[in-house]
Amino acid sequence: MSTTESSQTVTVPVSPTSQATKETLEDYTLRFAPRSYRRWTPMVVATTALGGIAYMADFSIGAGIGLAHGTGNALVAIAVAAVVIFITGFPLAYYGARYNIDLDLITRGSGFGYYGSVLTSVIFASFTFIFFALEGSIMAQGLKLGLGLPLWLGYAISTLMVIPLVIYGMKALSKLQVWTTPVWLLLMVAPLVYLVSTDPGTVDRFLTYAGTDGDGGVNTASVLLGAGVCLSLIAQIGEQIDYLRFMPAKTEANKRTWWTAVVMAGPGWVVLGALKQAISVFLAVYILAKVGPAASTEPIRQFRGAFDAMMPSWLVIPLAVALVVISQIKINVTNAYSGSLAWTNSFTRVTKHYPGRMVFVLVNLGFALALMEADMFSFLNDILGFYSNCAIAWIVTVATDIGINKYLLRLSPLQPEFRRGMLYAVNPVGAVAFVVASGLSIALYFHALGDTLQPYSPVAAAVLSFLLTPLMAIVTKGKYYLRRTDDGIDEPLLDTEGNPSATTYDCHVCRQPYERPDLAACQTHDAHVCSLCLSTDKVGDHVLPAQPSAA
């Protein structure tokens with residue numbers, strides 16, 4: 001998007017054609033997604049969002065938990081994590097789809113403040129490159145097994161191949177996800193159905209597997225350790241919202257399909273994720289005797305073993321490799337896309353400079369490639385177990401602010417706000433809850449309070465976030481949410497159906513038209529300024545002053 005390098009310099013006008021092209025490339029980074037761009041049906045948006053759930057990391061995560069703690073503990077851990085992820089993901093998905101903003105913009109107005117959410121943006125960006133590296137490692141394992149390529153070359157291929165696909169944002173991603181999903185589902189489900197129907201004994205071996213660290217029974221410590229690893233995926237809702245923000249306006253005519261799409265592609269992603277994790281335990285137990293525990297956690301080995309039982313040997317490896325490659329492409333275009341949005345959000349607010357989303361596509365891919373070359377796959381559960389503490393604290397804090405502080409206590413404004421000048425720099429409600437919850441849970445994870453409490457670190461992160469968020473809102477009386485209650489524009493932000501208004505105004509800095517929710521009045525001119533030009537205003541010339549009554 002064209003912006004100024006300083007608040008006092010107006011950009012050179014660009015042609016409507018080149019501006020439209022740039023808008024598509026940037027995909028409304030850092031800002032509200034306007035109604036004029038959201039041309040997809042609810043089900044197309046949902047299918048696109050769910051396409052990213054094709055990732056193979058679930059097959060490594062579930063297998064690792066199952067082999068260590070046994071099937072019983074693994075299944076309970078997976079179920080516990082799924083329930084937490086679904087409950088916390090619902091309010092976030094609703095806000096993203098209803099108000100057409102991404103998770104960072106939601107976080108700003110849900111307890112963190114304009115600059116306070118920079119930290120959570122970095123956490124989310126870390127999520128995307130950690131899981132990009134995990135998926136890239138899985139693909140490299142497939143290329144090594146199928147084509148004999150060395151791992152380092154497989155890492156490079158898995159990284160570079162997504163760049164052409166992620167450049168054009170939602171328009172390209174929607175086509176990719178819709179067309180590849182049926183093939184992926186067939187390749188994933190067919191071997192499981194075949195094994196269960198032709199060899200029922202595999203089910204008995206799966207259900208009775210005790211694990212290397214277990215005795216066959218279900219115990220709290222093992223369940224919580226497993227759930228902690230699964231809960232590292234809680235930040236996946238951010239990637240779902242990066243698609244859900246393009247949902248069409250909710251109307252009386254489409255409300256049923258709208259809600260179905262939001263639930264399916266929002267918190268509903270975890271249902272498929274949990275099923276994949278359970279399947280991975282089954283497949284790992286099935287191939288354990290053949291390949292050993294280390295290789296059993298590799299998805300390419302799992303599906304090679306499953307395909308080997310149901311089809312000619314010459315077809316086994318090509319199909320297993322095809323499944324891994326399709327899955328890696330489907331999720332890593334999402335990881336690269338969402339990561340670039342998160343990095344851009346953070347960088348632009350801190351530096352007041354907008355370099356464009358593609359710069360951070362490359363940055364994110366660079367971090368991911370470095371992790372792959374460091375063989376992060378060999379210490380996967382340690383990385384995810386540590387990371388989950390930060391992710392849980394963040395997501396639970398924001399979900400609690402929406403569910404309790406907004407709708408129950410009425411201390412947080414119901415209508416989301418993300419524009420500079422309208423928010424305080426830092427809101428102690430979310431910032432304190434997040435820092436305390438994540439800090440204490442990380443201390444627990446590293447045995448600071450003893451070995452007995454170590455498995456409870458994810459529980460501590462969730463419970464502390466849930467309790468401290470409303471407590472801080474009560475203590476502060478909610479006065480640090482809004483720096484201003486009036487953005488200087490008379491027309492309401494929402495239309496009569498509660499959707500963001502589609503009325504357009506011109507930004508007097510970049511000279512482009514934007515819809516009502518993306519603008520505020522200018523402090524020094526009788527004009528409007530878009531949210532991105534406000535973000536890049538280095539001297540604050542256009543930013544509205546605080547209202548005394550809002551302090």
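A residue counts as buried here when its relative accessible area is under 20%. The model on display is predicted, and this tour passes through its salt bridges, one helix face, and then its pocket and cavities.

**Stop 1: a buried pair between two helices**

Select lysine 276 and aspartate 58. The side chains of these two residues meet in a salt bridge, with a distance of 3.3 Å from N to O. Lysine 276 belongs to helix H14 (residues 269–291) and aspartate 58 to helix H3 (residues 57–69), so the bridge ties together parts that are 218 residues apart in sequence. Is lysine 276 buried or exposed? Its relative accessibility is 0%, and lysine 276 therefore counts as buried. Aspartate 58 is likewise buried, with a relative accessible area of 0%. In general terms, side chains of opposite charge can pair when their charged atoms come close. The structure holds 12 salt bridges, and two further ones are visited next.

**Stop 2: aspartate 401 and lysine 406**

Move to aspartate 401 and lysine 406. Their side chains form a salt bridge at 4.0 Å, N to O. Aspartate 401 and lysine 406 are both buried.

**Stop 3: the network around aspartate 487**

Now select arginine 419 together with aspartate 487. Here the side chains meet in a salt bridge of 2.7 Å, N to O. Arginine 419 sits in the loop between H19 and H20, while aspartate 487 sits in the loop between H21 and strand E1 (504–506), so this pair ties together parts that are 68 residues apart in sequence. Both residues of the pair, arginine 419 and aspartate 487, are buried.

Add Glu417 and Arg516 to the selection: Glu417, Arg419, Asp487 and Arg516 are linked in a network of salt bridges.

Keep the view centred on aspartate 487, which has a relative accessible area of 5% and is buried. Which residues does aspartate 487 contact, leaving aside neighbours within four places in sequence? The contacts are Arg419, Met422, Leu493, Arg516, Leu519, Ala520, Ala521 and Leu544. For methionine 422, the C-alpha to C-alpha distance to aspartate 487 is 7.1 Å, although 65 residues separate the two in sequence.

**Stop 4: the largest cavity**

Glu417 and Arg419 also lead to the next site, since both are among the residues that line the largest cavity. To display the full lining, select Phe32, Tyr99, Ile101, Gln415, Pro416, Glu417, Phe418, Arg419, Leu493, Leu494, Pro500 and Pro517. The volume of this cavity is about 120 Å³. By class, its lining has 9 nonpolar, 1 polar and 2 charged residues. In all, the structure holds 6 cavities of 30 Å³ or more.

**Stop 5: the second largest cavity**

The second largest cavity has a volume of about 80 Å³. Select Leu103, Asp104, Phe124, Ala342 and Asn345, which are the closest to its centre of the 13 residues in the lining. Helix H5 (103–112), helix H6 (118–147), helix H12 (236–244) and helix H17 (313–351) are the elements that give two or more residues to this lining. Which element gives the largest share? H17 does, with 4 residues. The lining of the second largest cavity divides into 5 nonpolar, 5 polar and 3 charged residues.

**Stop 6: the inner face of helix H13**

Select helix H13 (residues 255–265) and highlight Trp258, Ala261, Val262 and Ala265, which are buried. Viewed down the axis of H13, the buried residues fall within an arc of 95 degrees, so they line one face of the helix. Among the elements that cover these residues are helix H2 (42–51), helix H4 (71–99) and H12.

**Stop 7: the largest pocket**

H4 also contributes to the largest pocket: H4, helix H11 (220–230), helix H19 (380–406) and helix H21 (457–476) each supply at least two residues of its lining. This pocket holds about 330 Å³ of space. For its middle, select Val84, Ile87, Thr88, Val396 and Ala462, the closest to the centre of the 19 lining residues. The lining of the largest pocket comprises 15 nonpolar and 4 polar residues, with no charged residues.

**Stop 8: serine 438**

Finish at serine 438, in helix H20 (residues 428–445). Serine 438 is buried, with a relative accessible area of 6%. Apart from residues up to four places away in sequence, serine 438 touches Asn389, Cys390 and Ala393.

How values were computed. Residues numbered from 1 in each chain as written. Predicted model: local features only at pLDDT ≥ 70, side-chain atom pairs only at ≥ 80, totals over all residues. Heavy atoms only, no water. 1 Å grid on protein atoms, 1.4 Å probe; cavity = no way out; pocket = protein on both sides within 12 Å on 5 of 7 lines; lining within 4 Å. Points joined across faces, edges and corners; volume = space filled by probe spheres on them. Nonpolar A, V, L, I, M, F, W, Y, C, P; charged D, E, K, R; others polar. Buried < 20%, exposed > 50% of the residue type's maximum accessible area, 1.4 Å probe, protein only. Arc of directions from axis to C-beta. Contact = heavy atoms within 4.5 Å.
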